[in-house]
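Reader: Hi! I'm new to this one and would love a friendly tour. Could you walk me through it?

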Amino acid sequence: MKTNILNMLESSRNKFISGESIAERFSVTRAAVWKAIESLRSDGHKIKAVHNKGYMLESFSDVLTKEGITANLKPDTKVSRVICLKEIDSTNNYAKKLVMNEGASHGTLIAANHQTSGRGRHGHNFYSPPGTGLYMSLILRPSVEASEFQMITIAAAAAVCLTIEKLYPSSKGDIKIKWVNDIFFRGRKIAGILTEALTNFENGEIESVIVGIGINVSTKKFDDYASGIAGSIFQGEEFIFGRDELCAGTADYIMDFADNLNSSELIALYRERSMLIDKDITYMKNETNHSGHVERIDDRGRLVILNDEGEIETLSSGEVFMIRKVNQ
């Protein structure tokens, strides 16, 4: 009953639905509807009740739910399944188990309200407190060569940026990508991406890809590792959108990009939001720090650098540390 009513409220968010129409829809009493509404409120949903008008799920109600994510997916979405969890160690770990144990399909989306062991690149943790962030993984089964693997991370980064800009128009121009997988907003890191491939043991081919994304939506306090650089989309401002919308929009963009990873549009979107092009950087390669000037990002998402020895290097992986903007 709760799920059915939540689905109905989500589909008409910020609009009143009479208790009578809800009761008739599900063939229950008005008292049963009221009881379900109270239970949803206890779960954190902001539901307004007005005599002779009914019930309304308010626009600023931000409880991450399967119903809310599903309601915000495109009508022609390519997402095949939505799983929403209150708590998990890591959505990427959960996704791996679904692939290995169930053969989870292309487009399976897992979202969580809290990660107890969120994972980032290079073995780093991704701080994932409850209620303030979006932690999601998307299972893809693309026809992709190992050399094209990085384009999936490129697609995910572009998807996060485009979704935030669509839901929060005034953010456009302030959302930047630090190659290859970090998203910055007004100088603070708000999101990270961890893309992992599962390969066929016998032939070494990529069978599935798991795209893990963590986004700080309203987190204000961070662990020691992240506190110096991390930020959130909303830090004291009124919420413009909820995590359900952010999750659905990001997943829809990734699914669309996954069908055409080599499109000129995708790499152009990524380049437009790069915070490294035409900057001097230090970067780690083979566990050694080097310095150089970022010339461009090539069509395969690799960083093209003129190093301090005057040689052109092309990076497909590594850690980058920004120094300064040139010609400012």
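**A tour, starting at one arginine**

Author: Happy to! Let's begin with Arg-271, which lies in helix 8. Keep in mind that this is a predicted model.

Reader: Is Arg-271 buried, exposed or partly exposed?

Author: Arg-271 has a relative accessible area of 28%, so it counts as partly exposed.

Reader: Which residues is Arg-271 in contact with, leaving aside its neighbours within four places in sequence?

Author: Those are Ile-277, Ile-297, Asp-298 and Asp-299. Two of the links are polar: the Arg-271 side chain comes to 2.7 Å from the backbone oxygen of Ile-297, and it also makes a polar contact of 2.7 Å with the side chain of Asp-299.

Reader: And how far apart are the C-alpha atoms of Arg-271 and Asp-298?

Author: They are separated by 9.1 Å, with the two positions 27 residues apart along the chain.

Reader: OK, what about the rest of helix 8? Which of its residues are buried?

Author: Helix 8 covers residues 264-272, and its buried residues are Leu-266, Ile-267, Leu-269 and Tyr-270. They take up an arc of only 155° around the axis, so they sit on the same side of helix 8.

Reader: What does the face turned away from that buried side carry?

Author: That face of helix 8 has the exposed residues Ser-264, Glu-265 and Glu-272.

Reader: And what covers the buried residues of helix 8?

Author: The cover includes helix 6, strand 6, helix 7 and strand 11, which is residues 288-297.

Reader: Let's zoom out. How many helices and strands are there in the chain?

Author: The chain has eight helices and 14 strands. Its C-alpha trace spans about 75 × 50 × 35 Å along the principal axes.

Reader: How does the radius of gyration sit with a compact globule?

Author: For 328 residues, a compact globule would have a radius of gyration near 20 Å, and the chain has 22 Å, which agrees.

Reader: How much of the chain counts as buried?

Author: Of its 328 residues, 51% count as buried. The accessible surface comes to about 16,000 Å², and 47% of that belongs to carbon and sulfur atoms.

Reader: What share of the contacts comes from residues 24 or more positions apart?

Author: Taking the contacts with a separation of 6 or more, such residues account for 63%.

Reader: New topic: how many aromatic pairs does the structure hold?

Author: Five. In one of them, the rings of Tyr-168 and Phe-185 have centres 6.1 Å apart and planes at 65°, so this pair is edge-to-face.

Reader: Where do Tyr-168 and Phe-185 lie?

Author: Tyr-168 is in the loop between helix 6 (150-167) and strand 6 (175-178), while Phe-185 is in strand 7 (residues 182-185), so the pair ties together parts 17 residues apart in sequence. Tyr-168 is buried at 8% relative accessibility, and Phe-185 is buried at 4%.

Reader: Which residues form an aromatic cluster with them?

Author: Phe-234 and Phe-241 form one aromatic cluster with Tyr-168 and Phe-185.

Reader: Nice. Can you show me a buried polar residue?

Author: Try Asn-92, in helix 5 (residues 91-102). Asn-92 has a relative accessible area of 4%, so it counts as buried.

Reader: What does the side chain of Asn-92 have polar contacts with?

Author: A polar contact of 2.8 Å joins it to the side chain of Glu-196, and one of its polar atoms lies 3.3 Å from the backbone oxygen of Leu-194. Beyond residues up to four places away in sequence, Asn-92 touches several others, including Arg-119, Ser-137 and Ile-210.

Reader: One last stop: where does Ser-61 lie?

Author: Ser-61 is in the loop between strand 2 (54-57) and helix 4 (66-72). Its relative accessibility is 3%, so Ser-61 counts as buried.

Reader: What does Ser-61 touch, not counting residues up to four places away?

Author: Arg-13, Gly-44, His-45 and Lys-46. A polar atom of the Ser-61 side chain lies 2.9 Å from the backbone nitrogen of Lys-46. Also, the C-alpha atoms of Ser-61 and Arg-243 are separated by 9.7 Å, although these residues are 182 apart along the chain.

Technical notes. Residues are numbered from 1 along each chain as its sequence is written. This is a predicted model: local features need pLDDT of at least 70, side-chain atom pairs count only at pLDDT 80 or more; totals for chains, interfaces and linings use all residues. Side-chain values use heavy atoms; hydrogens and water are left out. Helices (H or I, at least four residues) and strands (E, at least two) are DSSP runs, numbered from the N terminus. Buried means under 20% relative accessible area, exposed over 50%, partly exposed in between (1.4 Å probe, protein chains only). Contact means heavy atoms within 4.5 Å. A polar contact is a pair of N or O atoms within 3.5 Å; within protein, one must be able to donate a hydrogen and the other to accept it, and residues adjacent in sequence count only if both atoms are side-chain atoms. Rings of Phe, Tyr and Trp (its six-membered ring) pair if their centres lie within 6.5 Å; planes under 30 degrees apart count as stacked, over 60 as edge-to-face and the rest as tilted. The radius of gyration is taken over C-alpha atoms; the globule rule is 2.2 Å times the number of residues to the power 0.38. Accessible areas come from the Shrake-Rupley method with a 1.4 Å probe; for residues, only the protein chains shown count as cover. The arc is that of the directions from the helix axis to the C-beta atoms.
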